[in-house]
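Subject: Structure handover

Hello,

Here is the structure for your files. My notes on it follow below the display.

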Amino acid sequence: MRVLVTGGAGYVGSHTVDALRRRGDDVLVLDSLGHGHRAALGDVPLVVGDIADEGLVARLLAEHGSQAIVHFAAHKRVDESLEAPGRYFANNVAGSLALLRAAVTAGIGRFVFSSTCAVYGAPARLPVDESAAIAPENPYGASKAMVEQMLGWFERAHGLRSISLRYFNAAGAALDGSNGEDWEGAQNLIPAVLRVAAGRRPEVQVFGIDYDTADGTAVRDYVHVLDLARGHLAALDHLAVGGASATLNLGTGQGASVRQVVAAATRITGRSIAAVDQPRRPGDPPAVWADPSRAAATLGWRAELGLDDILASAWRWHEAHPEGHLGPEWSATLTAPTTASTGVHP
């Protein structure tokens, strides 16, 4: 299958690109490199550009002969979205609209969208299934919900079938430690916790200790990035055989609190991890975990890796690459320029 992957140099995107390549798909990545890293892609062809450049996207789809699009490219920080909502709607919504229009121009009929459980906000019942109310509590979640709505209308008007994957808290790394999430600038809990374990920061901030949860800290469903990558491949395969459009949760069906994550990371790393209690952050729901049964029924997908696998693989990545994708160990892989606006980088 020939697939264009937008945002493919990012965290989840690069693991999905690797999975696609390993099974023999022909992949082209479009990424602005605003958050992604060329080194995460190995020798996969990369075009540095913006999804909002409709002409560029249409040309790439035609030249590559793409049969499907997997769309990751988005801003994704909840706190930043609350401070700068316009930036999120411009990139995540308007950019996705341009991408969809280019897809229609190129005759693309299959589209897999990287959505998020943030569309649910603070769900009324747990585990949350896909019938739950769409009630995002931040512009990030709202922007993803808007794209999901656009996909429905684009199918009605243009026949563009799609799978929207509402995944929960992506975490972990390649099992061999070859690729993972940079902890510099990462807002997610697990990179922050492991950064403390590595001695690169003094403590982890625990935002909220008075939630109505077992230990008072927020509960999330942590799903391994490799399981998420498998989910995107399963979605492509579903569409390839004529499967109907769907919106699906990708999660483990189990939640872990902040304190449970810190305790598990302490055990796995063998390091002391200081935690400092802080007030709640705006826009953070107390607890969210998935009912993933619809993904199992539709795609045959189930999470195979658990919290210990997540922490062990992420720790292996961070130990091997303490400076992430920008460290000296990656210098040999950066053989192509990464600043041109439209060039294909082999």
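I start with helix α1. Its buried residues are covered by elements that include β1 (2-6), β2 (26-31), β6 (161-167), β7 (169-171) and α7 (225-240). Please keep in mind that this is a predicted model.

The buried residues of α1 in question are Tyr11, Val12, Gly13, Ser14, His15, Thr16, Val17 and Leu20. The helix itself runs over residues 11-22, which makes 12 residues. From first C-alpha to last, α1 reaches 17 Å, close to the 16 Å expected at 1.5 Å a residue. Just after α1 comes Gly24, with a positive phi of about 100 degrees.

Now the chain as a whole. The protein chain contains 10 helices and 15 strands. Its radius of gyration is 19 Å, and the globule rule gives 20 Å for 346 residues, so the chain is as compact as a globular protein of that length. The C-alpha trace spans about 55 × 50 × 40 Å along its principal axes.

On packing: of the 346 residues, 54% are buried. Among contacts with a separation of 6 or more, 78% are between residues 24 or more positions apart.

On the surface and charges: the accessible surface of the protein chain is about 14000 Å², and carbon and sulfur atoms account for 51% of that. There are 29 positive and 37 negative side chains in the protein chain, and the centres of these two sets lie 3 Å apart.

Regards

Definitions and conventions: Residues are numbered from 1 along each chain as its sequence is written. This is a predicted model: local features need pLDDT of at least 70, side-chain atom pairs count only at pLDDT 80 or more; totals for chains, interfaces and linings use all residues. Side-chain values use heavy atoms; hydrogens and water are left out. Helices (H or I, at least four residues) and strands (E, at least two) are DSSP runs, numbered from the N terminus. The radius of gyration is taken over C-alpha atoms; the globule rule is 2.2 Å times the number of residues to the power 0.38. Buried means under 20% relative accessible area, exposed over 50%, partly exposed in between (1.4 Å probe, protein chains only). Contact means heavy atoms within 4.5 Å. Accessible areas come from the Shrake-Rupley method with a 1.4 Å probe; for residues, only the protein chains shown count as cover. Lys and Arg count as positive and Asp and Glu as negative; His and the chain ends are not counted. The place of a charge is taken as NZ of Lys, CZ of Arg, CG of Asp or CD of Glu. The expected span of a helix is 1.5 Å times one less than its number of residues.
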